[in-house]
Amino acid sequence: KLDDSDRHLTLTTANHHRLTLDDQHQTITLTTANGQQIHLNDTTGAITLDASSAITLNAQGGVNLNPGLAGQVTVSGLVRCQGLMTSSVIIQAGSTALDVAQALAPTSVVEP
């Protein structure tokens with residue numbers, strides 16, 4: 001039986017991999033000896049992944065990012081993709097924005 005009377009329990013392996021269950025802060029953290037980490041926070045509802053190299057998601061059925069009505073997906077760095085389908089693209093640099101669909105739309109011509 002494990003004693004978690006302080007509402008905090010950490011299991012550490014001989015190779016220094018660590019699982020921390022923290023009822024006081026409502027978090028679960030899994031950390032490898034080299035510092036890769038998965039952090040689950042029930043207070044904020046956030047999941048944080050930290051890696052010293054790449055993070056790879058493999059899913060036969062696809063990967064969905066749904067930030068909700070008030071959310072957004074923020075990418076820091078270069079985005080590369082083999083294909084992109086979108087209903088709109090707005091490119092913004094500072095206070096200047098370009099609606100790509102509007103910029104590429106053919107200009108209507110009025111015939112005489």
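The following legends describe close-up views of a predicted model.

**View A. The open sheet and its edge strands.**
Five strands make up an open sheet, arranged in the order β1-β2-β3-β4-β5 with antiparallel pairing. The edges are occupied by β1 (8–12) and β5; each has a single partner strand, so one side of each is left without a neighbour in the sheet. With direction ignored, neighbouring strands of this sheet are turned against each other by 5° on average.

**View B. The hairpin of β3 and β4.**
Strand β3, residues 27–31, is paired with strand β4, residues 37–41, through five bridges in the antiparallel sense. Two of the positions along this pairing may be followed by residue: T29 is opposite H39 in β4, and T31 has Q37 of β4 as its bridge partner. Five residues lie between the two strands of the hairpin, and in this turn G35 has a positive phi of about 100°.

**View C. The hairpin of β4 and β5.**
Strand β5 comprises residues 46–50 and runs antiparallel to β4, to which five bridges join it. N41 has A46 in β5 as its bridge partner. Four residues separate the strands of this hairpin, in which G45 adopts a positive phi near 80°.

**View D. The surroundings of T20 in β2.**
T20 belongs to strand β2, which spans residues 18–22. The relative accessible area of T20 is 13%, and the residue is therefore classed as buried, the limit for this class being under 20%. A polar contact of 3.5 Å links the side chain of T20 to the side chain of T10. When neighbours within four places in sequence are set aside, the residues in contact with T20 are H8, L9, T10, T27, I28 and T29. T10 thus appears both in this contact list and as the partner in the polar contact. T29, also in contact with T20, is the residue that stands opposite H39 in β4.

**View E. H16 in the loop between β1 and β2.**
H16 is located in the loop that lies between β1 and β2. Its relative accessible area is 56%, and H16 is therefore classed as exposed, a class that begins over 50%. Not counting residues up to four places away in sequence, H16 touches T31, T32 and A33. One of these, T31, is the bridge partner of Q37 in β4. The C-alpha atom of H16 is separated by 8.7 Å from that of N34, although the two residues are 18 residues apart along the chain.

Definitions and conventions
Residues numbered from 1 in each chain as written. Predicted model: local features only at pLDDT ≥ 70, side-chain atom pairs only at ≥ 80, totals over all residues. Heavy atoms only, no water. Pairing = 2+ DSSP bridges. Buried < 20%, exposed > 50% of the residue type's maximum accessible area, 1.4 Å probe, protein only. Polar contact = N/O pair within 3.5 Å; in protein donor to acceptor, adjacent residues only side chain to side chain. Contact = heavy atoms within 4.5 Å. Axes fitted to C-alpha atoms, helices over the stretch in contact; angles between N-to-C directions.
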